[in-house]
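Trainee: Hey, got a minute to go through this one with me? I'd like to start with the charged side chains.

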Amino acid sequence: DLENKQGWTAVYQALNLPLIYEFSDELIYPQIEKYVTMARIPKPPTPVCAEQALARKKKYIRESRSHWEYIPDKNFDKGMENIKRIKLEIQNQLQEELRLRKEKAQKLKEKKKREGEQLSLKL
């Protein structure tokens, strides 16, 4: 065996991939696993910190899902009611503004008509 006779150590073993794997970010795990496969050394066990991080992530996802599933039950209908109410208020405001403008235009028309009549009486 060449490795044992000459004291040769594979680069991947010299890098101590299991140690690097233990302290790496989970985004780097696939790359390290690729190197481990290339070096033909056993895949390192899942790091303890990764197990804890995975457990936290799963818990967060579970809580998030339950939170989002809960919201539509209570608040979605309220939100839709508020949207309808606001839409109705805006429509009423627009109708009132249109009514006031028509009224103002009518008064202006009547004023001009009276002024025209007074002018013709003076002539």
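Mentor: Sure, let's talk through the salt bridges and then one of the helices. Keep in mind that this is a predicted model.

Trainee: OK, how many salt bridges does the structure hold?

Mentor: Five in the structure. Glutamate 33 makes one of them with lysine 43, where the closest N and O atoms are 3.6 Å apart.

Trainee: Where do the two partners of that pair sit?

Mentor: Glutamate 33 is in helix α4, which covers residues 29–39, while lysine 43 is in the loop between α4 and α5. They are ten residues apart, and the pair links distant parts of the chain.

Trainee: And lysine 43, is that buried or exposed?

Mentor: Lysine 43 is exposed, because its relative accessible area is 53% and the cut-off for exposed is over 50%. Glutamate 33 has 27% relative accessibility, so it counts as partly exposed.

Trainee: Moving on to α5. Which residue meets glutamate 96 in a salt bridge?

Mentor: Arginine 99, at 2.5 Å from N to O. Both residues lie in helix α5, three residues apart, which is about one turn of the helix.

Trainee: What about glutamate 103?

Mentor: The side chain of glutamate 103 also forms a salt bridge with arginine 99, at 2.6 Å from N to O. Those two are four residues apart in helix α5, so about one helical turn separates them. Put together, Glu96, Arg99 and Glu103 are linked in a network of salt bridges.

Trainee: How accessible are the network residues, starting with glutamate 96?

Mentor: Glutamate 96 comes out at 35% relative accessibility, so it counts as partly exposed. Arginine 99 is partly exposed too, at 40%, and glutamate 103 is partly exposed at 36%.

Trainee: Back to α4 then. Which of its residues are buried?

Mentor: In α4, Tyr29, Ile32, Val36 and Ala39 are buried. Looking down the axis of α4, its buried residues fall within an arc of 90°, so they line one face of the helix.

Trainee: And what's on the face turned away from the buried side of α4?

Mentor: That face carries the exposed residues Pro30 and Thr37.

Trainee: Last one: which residue follows α4, and what is its phi?

Mentor: Arginine 40 follows α4, and its phi is positive, near 55°.

Methods: Residues are numbered from 1 along each chain as its sequence is written. This is a predicted model: local features need pLDDT of at least 70, side-chain atom pairs count only at pLDDT 80 or more; totals for chains, interfaces and linings use all residues. Side-chain values use heavy atoms; hydrogens and water are left out. A salt bridge is a side-chain nitrogen of Lys or Arg within 4 Å of a carboxyl oxygen of Asp or Glu. Buried means under 20% relative accessible area, exposed over 50%, partly exposed in between (1.4 Å probe, protein chains only). The arc is that of the directions from the helix axis to the C-beta atoms.
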